[in-house]
Amino acid sequence: MSGPNGEPQLHLGRGGEEEEDGEEEEGFGEAEYSAINLMLDQINSCLDHLEEKNDHLNTQLKELLESNRQTRLEFQQQQQHLGQDGDPRKAQPDS
């Protein structure tokens, strides 16, 4: 029923194969349209799954960015505080 990569095999009835039920050689039958619809449904499902993964990764990256931003601010505040207390290790300005 499916090809080597999990895709359904689509036989369109062209190229010398005999047509069933007296269909025209140039037309597609109901079976062919059903196979195409199945493939489109599978593609749509895969795209939906990829979109969900992308949204999840985007959310995680935004959370990581905000966490890094907060950590950097806290580090800068600590460095400024150490510099004001007369600590011999002066705070280094940002590059």
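Start by selecting Arg69, which sits partly exposed in this predicted model, with a relative accessible area of 38%. Now add Glu66 to the selection: this one is partly exposed as well, at a relative accessible area of 41%.

Draw a distance between the two side chains. Glu66 and Arg69 form a salt bridge, and their closest N and O atoms are 3.5 Å apart. That fits under the cut-off in use here, since a salt bridge asks for a Lys or Arg side-chain nitrogen within 4 Å of an Asp or Glu carboxyl oxygen. Side chains of opposite charge can pair when their charged atoms come close. As for the backbone, Glu66 and Arg69 are three residues apart in helix 1, so about one helical turn separates them. Don't go hunting for another pair like this: a search of the whole structure turns up one salt bridge.

Next, select residues 30-84, which make up helix 1. Put a ruler from the first C-alpha to the last and you get 80 Å for 55 residues. At 1.5 Å a residue, 81 Å would be expected, so the helix comes close to that value.

While you have helix 1 on screen, colour Glu32, Ala35 and Gln76. Are they buried or exposed? All three are buried, which means each has under 20% relative accessible area.

Now switch to a surface view and pick Leu40, Ile43, Leu47 and Leu50. Together they make a nonpolar surface patch of about 390 Å². Click on Ile43, a member of helix 1, and you'll find a residue that counts as partly exposed, with 46% relative accessibility. That value lets Ile43 into the patch, because patch residues need over 30% relative accessible area.

For the last stop, select Asp48, Glu51, Glu52 and Asp55. What kind of surface patch do these four form? A negative one. Zoom in on Asp48, which also lies in helix 1. Asp48 is partly exposed, its relative accessible area being 37%, so the same over 30% cut-off is met here too.

Notes. Residues are numbered from 1 along each chain as its sequence is written. This is a predicted model: local features need pLDDT of at least 70, side-chain atom pairs count only at pLDDT 80 or more; totals for chains, interfaces and linings use all residues. Side-chain values use heavy atoms; hydrogens and water are left out. Patches are made of residues with over 30% relative accessible area and no salt bridge: like charges are joined within 9 Å, nonpolar side chains (Val, Leu, Ile, Met, Phe, Trp, Tyr) within 5 Å. Accessible areas come from the Shrake-Rupley method with a 1.4 Å probe; for residues, only the protein chains shown count as cover. Lys and Arg count as positive and Asp and Glu as negative; His and the chain ends are not counted. The place of a charge is taken as NZ of Lys, CZ of Arg, CG of Asp or CD of Glu. Helices (H or I, at least four residues) and strands (E, at least two) are DSSP runs, numbered from the N terminus. Buried means under 20% relative accessible area, exposed over 50%, partly exposed in between (1.4 Å probe, protein chains only).
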